[in-house]
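Here's a quick tour of one model, going from a single loop residue out to the sheet and then into the core. Have the structure open as you read.

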Amino acid sequence: MQATSYTYDADTRSGSVLLDDGTPLPFDAAAFDAGGLRLLRPGQRVRIEVDGSGEERRVTLVTLQTL
């Protein structure tokens, strides 16, 4: 699934992404670390993996989108 980086806190390695429909979805340090990233800037296009549905949906991986 693709999304756009919305917020990122380097101290906690957590933040949020915006799905293509504009829905914000938070991610934690574990999801950030799973992608092997060092930094994330707002507006970057990312690839995410998500578990669950509805209110239980959570991001399990955030990495840069490559073509």
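Does Arg-13 count as buried, exposed or partly exposed?

## Arg-13 and its loop

This is a predicted model, so take what follows in that spirit. Arg-13 has a relative accessibility of 32%. Since buried means under 20% and exposed means over 50%, that value makes Arg-13 partly exposed.

As for where to find it, Arg-13 sits in the loop between β1 and β2. The backbone is worth a look here too: phi of Arg-13 is near 55 degrees, which is positive even though the residue isn't a glycine. The two flanking strands make a hairpin, with four residues between them.

## The two hairpins

Let's follow the strands on either side of that loop. β1 covers residues 2-9 and β2 covers residues 14-19; they run antiparallel, with six bridges joining them. For a couple of landmarks, Tyr-8 has Gly-15 of β2 as its bridge partner, and Thr-7 faces Ser-16 in β2.

β2 then goes on to pair with β3, again antiparallel, this time over four bridges. Val-17 is opposite Leu-25 of β3. This pair is a hairpin as well, with four residues between the strands, and Gly-22 in the turn shows a positive phi of about 90 degrees.

## The whole sheet

Zooming out, there are five strands in an open sheet, ordered β3-β2-β1-β4-β5, with antiparallel pairing. β3 (24-27) and β5 (58-64) are the edge strands: each has a single partner, so one side of each has no neighbour in the sheet. On average, neighbouring strands are turned by 40 degrees against each other, ignoring direction.

## What packs inside

Now for the interior. In soluble globular proteins, nonpolar side chains tend to be buried together. In this model, the largest nonpolar core has 14 residues, and those with the most contacts inside it are Val-17, Phe-27, Leu-40, Val-46, Ile-48, Val-59 and Val-62. The elements giving two or more residues to this core are β1, β2, β3, α1 (29-34), β4 (45-51) and β5.

Which residues does Val-46 touch, once its neighbours within four places in sequence are set aside? Its contacts include the run Met-1, Gln-2, Ala-3, Thr-4 and Ser-5, along with Val-62, Thr-63, Leu-64 and Gln-65. Val-17 and Leu-40 complete the list of contacts for Val-46. Both of them also appear, like Val-46 itself, among the core residues with the most contacts.

Technical notes. Residues numbered from 1 in each chain as written. Predicted model: local features only at pLDDT ≥ 70, side-chain atom pairs only at ≥ 80, totals over all residues. Heavy atoms only, no water. Pairing = 2+ DSSP bridges. Axes fitted to C-alpha atoms, helices over the stretch in contact; angles between N-to-C directions. Core = buried A, V, L, I, M, F, W, Y, C linked by side-chain atoms within 4.5 Å. Buried < 20%, exposed > 50% of the residue type's maximum accessible area, 1.4 Å probe, protein only. Contact = heavy atoms within 4.5 Å.
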